[in-house]
Amino acid sequence: MIKVMLIDDEPEIRRLLHKMVEKQEGYQVVSECGNFAGAVADFARYRPDVVFVDIDLNGEDGLNCARVLTDLDPKLKVIFATAHSEYMANAFEIYAFDYLVKPFNMERLARTLDRIRSSMPEHARQGSMQNAVSGQAHAAGLRETRGNAQPTSYTPDNCDMQNKARSMAYTADGGNMPDATRSTTPAADSCTPQRGMQPGTNTPNPCIPQGKAGSPDKIARPDRYRGKLLIKGKEQTFLLDVEEILFIERMDGSTNIVTASGEQYRTSASLFDLETKLDSELFMRCHKSYIVNLSKITRIEPYGRWTYVAKFRGCELSALMTAQKYEEMKRLFS
């Protein structure tokens with residue numbers, strides 16, 4: 001099943017949307033929320049694939065709520081369902097999948113959900129079914145092991161993810177996070193190769209501690225070694241072949257480097273840190289959460305109304321690209 005979350009302060013609108021969504025084959029509503037904080041906490045718990053969100057949440061900013069959720073998962077499909085048609089340009093900035101104006105048109109909603117269903121690979125739909133009402137965060141990957149890259153399988157608890165999500169919600173609202181929601185997990189300075197991640201998923205390991213803000217000393221590439229990228233960790237240092245990098249993504253407060261060999265490297269360095277060390281003629285910051293190696297892209301497909309998805313040879317993972325960057329890339333290759 002494709003998991004859906006409804007965020008609207010009007011219970012009758014949530015009931016209507018619930019009925020309309022579950023009439024469509026392959027969809028299940030896993031959460032309904034009426035406010036910002038509850039939405040972010042439930043998102044961390046259920047990890048939905050699709051979110052319907054109103055612009056006005058009883059005085060709270062639905063646009064800001066969507067920004068927080070897409071920072072946690074850049075590939076989240078956000079559908080704004082609102083009576084305010086004038087905010088469509090703002091939704092464009094968040095890369096919303098669609099923008100529906102109340103009163104809802106059933107046929108229009110059905111077409112949007114059909115497009116979402118067709119854009120999701122079969123294994124992703126099956127994975128959503130297996131975790132549809134689970135109270136745990138998605139988990140498939142390796143335990144972080146400083147100084148040890150041996151693979152380990154595990155099922156993590158999702159409390160760290162929920163604490164982080166609540167923290168982002170309070171910060172976005174300009175408030176202070178209560179002591180009860182603060183995570184005591186220490187910040188991670190190391191960069192760990194993520195081998196054995198579940199094929200076809202783009203979900204990072206939620207039990208890797210939140211990294212501190214990136215700094216240039218964690219990423220280095222002297223001019224005389226332009227083919228290598230050095231990533232410094234607390235106990236490990238990795239030398240990556242720059243040409244092997246397919247793309248780099250920012251998700252859940254850390255950065256993931258995906259390589260052609262199938263290995264993934266996790267670092268607390270920011271995308272900006274990495275972008276300054278990479279050749280701008282080869283790598284493009286194509287989205288707020290992605291940097292792609294232009295030479296490794298094999299095809300580009302539409303993804304929502306204002307976004308595209310870049311595919312790579314031999315890799316089931318993909319990267320998002322804005323419409324503006326798509327046009328820029330076309331000009332480069334024309």
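Buried means under 20% relative accessible area, exposed means over 50%, and partly exposed falls in between, using a 1.4 Å probe and protein chains only. The model shown here is predicted, so local features need pLDDT of at least 70 and side-chain atom pairs count only at pLDDT 80 or more, while totals for chains, interfaces and linings use all residues. Residues are numbered from 1 along each chain as its sequence is written, and side-chain values use heavy atoms, with hydrogens and water left out.

**Figure 1. The whole protein chain, before we zoom in.** The protein chain has nine helices and 19 strands. Both kinds of element are DSSP runs numbered from the N terminus: helices are H or I with at least four residues, and strands are E with at least two. Of the 334 residues in the protein chain, 49% are buried. For contacts (heavy atoms within 4.5 Å) between residues at least 6 apart in sequence, 61% join residues at least 24 apart. The exposed area of the protein chain is about 15,500 Å², with 47% of it supplied by carbon and sulfur atoms. Accessible areas come from the Shrake-Rupley method with a 1.4 Å probe, and for residues only the protein chains shown count as cover.

**Figure 2. Helix α2 and its two ends.** Helix α2 covers residues 36-46, and its buried residues are Phe36, Ala39, Val40, Ala41, Phe43, Ala44 and Tyr46. At the N-terminal end, Asn35 acts as a cap, with a side-chain oxygen 3.5 Å from the backbone nitrogen of Ala37. After α2 comes Arg47, which sits in the loop between α2 and β3 (50-53). Phi of Arg47 is near 45 degrees, a positive value in a residue other than glycine. Arg47 counts as buried because its relative accessible area is 5%.

**Figure 3. Backbone spots worth a second look.** Most residues other than glycine have a negative phi, and most peptide bonds are trans. Asn58 is not a glycine, yet its phi is positive, at about 55 degrees. This residue belongs to the loop between β4 (56-57) and β5 (60-61). With 65% relative accessibility, Asn58 counts as exposed. Elsewhere, the peptide bond from Lys102 to Pro103 is cis, with omega near -5 degrees. Pro103 is placed in the loop between β7 (98-101) and α5 (106-119).

**Figure 4. Arg14 in helix α1.** Helix α1 spans residues 11-22 and includes Arg14. Arg14 has a relative accessible area of 15%, and therefore it is buried. A polar atom of the Arg14 side chain lies 2.6 Å from the backbone oxygen of Asp8. Not counting residues up to four places away in sequence, Arg14 touches Leu6, Asp8, Asp9, Glu32, Cys33 and Gly34.

**Figure 5. Thr70 in helix α3.** Thr70 is part of helix α3, which runs over residues 62-72. A relative accessibility of 4% is why Thr70 counts as buried. Beyond its neighbours within four places in sequence, Thr70 is in contact with Val78, Ile94 and Lys288. Met251 is 181 residues from Thr70 along the chain, and the C-alpha atoms of the two are separated by 8.7 Å.

**Figure 6. Glu275 and its partners.** Glu275 is found in helix α8 (residues 271-277). Its relative accessibility is 33%, so Glu275 counts as partly exposed. Outside its neighbours within four places in sequence, Glu275 is in contact with Arg285 and Ile291. The side chains of Glu275 and Arg285 make a polar contact at 3.1 Å. A polar contact is a pair of N or O atoms within 3.5 Å; within protein, one must be able to donate a hydrogen and the other to accept it, and residues adjacent in sequence count only if both atoms are side-chain atoms. The C-alpha atoms of Glu275 and Ile291, which are 16 residues apart along the chain, are separated by 7.5 Å.

**Figure 7. The largest cavity and its lining.** A cavity is a set of points, on a 1 Å grid over the protein atoms alone, where a 1.4 Å probe fits but cannot get out, and lining residues have an atom within 4 Å of a point. Searching the whole structure gives two cavities of 30 Å³ or more. The largest cavity holds about 90 Å³ of space. It is lined by 15 residues, of which Pro74, Leu76, Ile94, Tyr95 and Leu320 are the closest to its centre. Here a volume is the space filled by probe spheres set on the points, with grid points joined across faces, edges and corners. By class, the lining comprises nine nonpolar, four polar and two charged residues. Ala, Val, Leu, Ile, Met, Phe, Trp, Tyr, Cys and Pro count as nonpolar, Asp, Glu, Lys and Arg as charged, and the others, Gly among them, as polar.

Terms used
On a 1 Å grid over the protein atoms alone, a cavity is a set of points where a 1.4 Å probe fits but cannot get out, and a pocket is an open set with protein on both sides within 12 Å along at least five of seven lines; lining residues have an atom within 4 Å of a point.
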